[in-house]
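These are my notebook entries on a model that I opened today. I set down what I looked up, entry by entry.

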Amino acid sequence: MTSSHPKFALITAAMIALVTSPLAAWSAEPVASLHPTGVLRLVDTRLLPGSTVRLTGEKFAKGGELELLLVGIDGRVAIATVRADSVGKFVTDITLPEALSPGSYSLVAIASDGDTAGRLEVMVVAAPIAQEPVEAESETHDPSHEPSADPMVLDRATSAAVTGGAAIGVLLAFGIGVFTLYRSRTGS
Amino acid sequence: MEDPLAAPPDVVRSGALEERLALGALAYPVPARANRLDFMLGALTLTALTLLAVTGIILSQYYNPTPVDAHGSVRYVITNAPLVSYLRDVHVWGASAAILLVFVHLSAVFWRRGFRRPREGLWWSGVLLLALLFVLAFTGTVLRADQEAVEALAHAVAGSALAGPLGAPLQPDFTPSSPLITRLYAMHISVIPIVLVLVLALHLWLVRHLGVSASGPDRALFTHHLRPLSGFALIVVSIVGAVALVSPAGLLAPGVAGFEVTKPLWPFLWVYAAENLFGMTGMLIAPAVLFGFLAAVPVFDRRDGPTATITRAAGLALLALLVIAIVWAALAPAQQHLDM
């Protein structure tokens, strides 16, 4: 018993050191900060294809480069690249592509490490927003301004092999199922 | 001298595979009456769940669980990967099949009073499995990040706000390090399935050792029960596959917050109907009524008598109300709830 005391003390001290040293190292180093969550602002979040609008940003990484993208119905569309100033702000004019489809998009700022640093929901509209005399036909509500409960009309990928294989698989499964049921009934 | 490492005498040795996998242990007696379809509904639900798991694992390789790219990844699958797109259709219709089958299974067990002693635990584990299925269906809907998903999430966030601290994890600002859709994805593919498998293991253990609630003296081997079960299972899989072929699952446009123009998936329409009538609190009241009743069934219906009759009548009425609510909500125009 007395000869085990030094060994026990040594093992206990080693275990304490093993547990506390990472804790000490972790507390000594500054905690790595998360990506700053930037704020993007537009005067009007309803945008026209081909138009130029002023975009302001703040609370981004100081001096960091940001890639601006529109993500939505047309996939990811590159808009511009900007650099935040020494206090994490920027002001820039962005021009939207002419061929942009109407619908809802996310205007996203991607930092140099690939993370999303800021995001703003926008709507790309088909009709002009400018103040023009309202005619009788235009008094009807333009549905492209609001979301719809109808499924998107997508160009679905099709493959004869997949469709044919699935059909054969379905028929086989059904046939084997019925046959198995028939055999279990007649066999019992 | 007896070999202590030899297999137990009840294991039937009838082939190399059967011997090494102890498949002979499946040849235990079950009531012969259990060889009917109404006693196989639980296993058919498990078949649908297995289909969901297999297709879900494949889909997880193509899905991007970030707010910006979630919708785009689903759209990519539909427009660029025909096989994965078909598996997505099977996954969506398989979910509907699983929920339909579990309700039919629950109704059958309720009707034949398969919750009475000693099967109360079996019933309660089944009710928990039903709740987990609903959570899986909800989280799966949200992952699409389309208009229906955004509205479903908005309802859940509003409902979780009513639930106080219990609803904190469903709040978008729960943590700045991970967006809500990413956390719900983690729930959908890991947390809920793990809990479901554990509860299912308990459920199957109790089925095996308490026996199915089928009456009659005649007995048959479980291996004989597996034959018609396999047939029905293949038919279920073929029906899901066929429906997925002729009616592919759609995708709405990327969701825009602040609008309510869609209705939820059909298993949630009864909750939608409750919201139409009672506002946002209806979203909490309706599930509380349903699951509260289901949990109380073994407590009230212990033996034949007036209480048992009333419980059965209440269950039938609740089922009828559920179906009526679903049909009504499907036909009624879409309503705003978040401001109610």
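Entry 1, salt bridges overall. I count a salt bridge where a side-chain nitrogen of Lys or Arg lies within 4 Å of a carboxyl oxygen of Asp or Glu. By that rule I find twelve salt bridges over all chains. I note that the model is predicted.

Entry 2, the fold of chain A. I looked up the secondary structure and read two helices and eight strands in chain A. From the N terminus, their order is α-β-β-β-β-β-β-β-β-α. Chain A has 188 residues, and buried residues make up 30% of them. Of the contacts in chain A with a separation of 6 or more, 56% join residues 24 or more positions apart. I also noted an accessible surface of about 12,400 Å² for chain A, with 62% of that belonging to carbon and sulfur atoms.

Entry 3, salt bridges within chain A. I found A:R41 paired with A:E58 at 3.0 Å, N to O. A:R41 sits in strand β1 (residues 39-42) and A:E58 in strand β3 (residues 52-58), 17 residues apart. A second pair, A:D93 and A:R54, meets at 2.8 Å, N to O. A:D93 lies in strand β6 (residues 90-95) and A:R54 in strand β3, so this salt bridge ties together parts that are 39 residues apart in sequence. I checked exposure as well: A:R41 is partly exposed, at a relative accessible area of 44%, and A:D93 is also partly exposed, at 42%.

Entry 4, a salt bridge within chain B. I located B:D301 and B:R116, whose closest N and O atoms are 2.6 Å apart. B:D301 is in the loop between α10 (282-300) and α11 (306-331), and B:R116 is in the loop between α4 and α5 (120-142), 185 residues apart. Both B:D301 and B:R116 are buried. I traced a network of salt bridges here that links B:R113, B:R116, B:D301 and B:D304.

Entry 5, the interface. I read 39 residues of chain B in contact with 38 residues of chain A. The area buried between the two chains is about 3,100 Å², and carbon and sulfur atoms give 72% of it. On the side of chain B, B:V68, B:R75 and B:P82 lose the most area to chain A, together 18% of what that side buries. Which side chains form the salt bridge between chain B and chain A? I found B:D69 and A:R76, at 2.3 Å, N to O. The count between these chains is one salt bridge, and four residue pairs are in polar contact across the interface. I then noted that α8 of chain B gives the largest share of the side touching chain A, eleven residues. By class, that side has 23 nonpolar, twelve polar and four charged residues.

How values were computed
Residues are numbered from 1 along each chain as its sequence is written. Chains are lettered from A and ligands numbered from 1 in the order in which they are written. This is a predicted model: local features need pLDDT of at least 70, side-chain atom pairs count only at pLDDT 80 or more; totals for chains, interfaces and linings use all residues. Side-chain values use heavy atoms; hydrogens and water are left out. Helices (H or I, at least four residues) and strands (E, at least two) are DSSP runs, numbered from the N terminus. Buried means under 20% relative accessible area, exposed over 50%, partly exposed in between (1.4 Å probe, protein chains only). Contact means heavy atoms within 4.5 Å. Accessible areas come from the Shrake-Rupley method with a 1.4 Å probe; for residues, only the protein chains shown count as cover. Buried area is the accessible area (1.4 Å probe) that two parts lose on being put together, summed over both. A polar contact is a pair of N or O atoms within 3.5 Å; within protein, one must be able to donate a hydrogen and the other to accept it, and residues adjacent in sequence count only if both atoms are side-chain atoms. Ala, Val, Leu, Ile, Met, Phe, Trp, Tyr, Cys and Pro count as nonpolar, Asp, Glu, Lys and Arg as charged, and the others, Gly among them, as polar.
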